[in-house]
Amino acid sequence: MDILLSSVSQGLLWSIMAIGVYLTYRILDIADLTAEASFPLGAAICASQIVAGMSPVLATLLGLVGGMVAGLVSGLLHTKLKIPALLTGILTMTALYSINLRIMGQANVSLLGKETVMRMLTTMGMDSQMAVLAVGGIFVAIVIIFLYLFFSTEIGLAIHATGDNNEMSQANGINTDTMKIMGYMISNGLIALSGALMAQNNGYADISMGVGTIVIGLASIIISEVIFNNVSFVKRLFVIIIGSIIYLSLIH
């Protein structure tokens, strides 16, 4: 039961990253490797700011913003400089390695004894495992509600159209470059948010914690698509959560 509870709580935190990967991989049809660096970027920003005395909630949101900036850079490199998507991800990932080191000031930042969003709930009498579960559930719910509302707007539908048929979208007056940049920003923002939450859950931020991130994201997506095929966009987001939990259960 403890292993199952751990897999579910960890799976919720990782599923935010998997949803971010899904936005570029499936919605925009772009293989974005920036996830390998935006994940530790969110963790680095969050951990360094918590150590500096910032509120853990604000530090988490700052990590989200940092990921969106990384997505903006990748989006501009891909759309404006016409660099292929894979090379764009590699360039941004390489540059962010040095930036993450600069942000943390060292290879590893410990959050031992520091206030985190999980510890805020444990001080209220909640069990540590349940606190992770609650935090994961709250953030996942916020992410799904935001994406549902956003992709119901004209801009969201334009991003969908850009991924489905780039040439036809341009013919209908959609600025596909802007849509791709926005997709990059939202995707990497969510990935960095997951990194910020994972750093607080693990109790540290490490320069190498992003290694294998893209594998976990893609595995969660593929598992969800194999088990649940032909579902709507919102249902797919929920299914990705299930895929993430299943994957974490298997590797545990």
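Visitor: Is Asn230 buried or exposed?
Guide: This is a predicted model, in which local features need pLDDT of at least 70, side-chain atom pairs count only at pLDDT 80 or more, and totals for chains, interfaces and linings use all residues. Residues are numbered from 1 along each chain as its sequence is written, and side-chain values use heavy atoms, with hydrogens and water left out. The scale is relative accessible area with a 1.4 Å probe and protein chains only: buried means under 20%, exposed over 50%, and partly exposed in between. Asn230 has a value of 72%, so Asn230 is exposed.

Visitor: Where is Asn230 found?
Guide: Helices (H or I, at least four residues) and strands (E, at least two) are DSSP runs, numbered from the N terminus. Phi of Asn230 is positive, near 55°, in a residue other than glycine. Asn230 is found in the loop between α10 and α11 (233-251).

Visitor: Which residue with a positive phi follows α1?
Guide: The residue in question belongs to the loop between α1 and α2 (35-51). Its relative accessibility is 58%, so it counts as exposed. Its phi is near 60°, a positive value in a residue other than glycine. The residue that follows α1 is Asp29.

Visitor: How far apart are the end C-alpha atoms of helix α1?
Guide: The expected span of a helix is 1.5 Å times one less than its number of residues. For the 26 residues of α1 (residues 2-27) that gives 38 Å. The model agrees with this, because the end C-alpha atoms of α1 are apart by 35 Å.

Visitor: Where does α1 bend?
Guide: A bend is the angle between axes fitted to the seven residues ending at a residue and the seven starting there. In α1 the angle is about 30°. The residue at the bend is Leu13.

Visitor: How many of the residues of α1 are buried?
Guide: Helix α1 is largely enclosed by the rest of the structure. That follows because, of its 26 residues, the number buried is 19.

Visitor: Which residue forms a salt bridge with Glu225?
Guide: A salt bridge is a side-chain nitrogen of Lys or Arg within 4 Å of a carboxyl oxygen of Asp or Glu. The closest N and O atoms of this pair are 2.7 Å apart. Glu225 lies in helix α10 (residues 213-227) and the partner in helix α1, so the pair ties together parts that are 199 residues apart in sequence. The partner of Glu225 is Arg26.

Visitor: How many salt bridges does a search of the whole structure find?
Guide: Glu225 and Arg26 form one of them. Asp177 and Lys80 meet in another, at 3.9 Å from N to O. Lys82 and Asp177 meet as well, at 4.0 Å. The search of the whole structure finds three.

Visitor: Which residues are joined into one network by salt bridges that share partners?
Guide: Lys82 lies in the loop between α3 and α4 and Asp177 in helix α9, so that pair ties together parts that are 95 residues apart in sequence. The network joins Lys80, Lys82 and Asp177.

Visitor: Is Asp177 buried or exposed?
Guide: Lys82, one of its partners, has 61% relative accessibility and counts as exposed. Lys80 is partly exposed at 49%. Asp177 has 17% relative accessibility, so Asp177 counts as buried.

Visitor: What is the volume of the largest pocket?
Guide: A pocket is an open set of points on a 1 Å grid over the protein atoms alone, with protein on both sides within 12 Å along at least five of seven lines; lining residues have an atom within 4 Å of a point. Grid points are joined across faces, edges and corners, and a volume is the space filled by probe spheres set on the points. The largest pocket is lined by 13 residues, of which Leu64, Met68, Phe146, Ile186 and Leu190 lie nearest its centre. Its volume is about 290 Å³.

Visitor: Which element gives the most to the lining of the largest pocket?
Guide: The largest pocket has a volume of about 290 Å³, and the elements that give two or more residues to its lining are α3 (56-79), α6 (128-150) and α9 (176-202). With six residues, the element that gives the most is α9.

Visitor: Which residue takes a positive phi just after α9?
Guide: Helix α9 is largely enclosed by the rest of the structure, because 22 of its 27 residues are buried. Just after α9, a positive phi of about 90° is taken by Gly203.

Key:
On a 1 Å grid over the protein atoms alone, a cavity is a set of points where a 1.4 Å probe fits but cannot get out, and a pocket is an open set with protein on both sides within 12 Å along at least five of seven lines; lining residues have an atom within 4 Å of a point.
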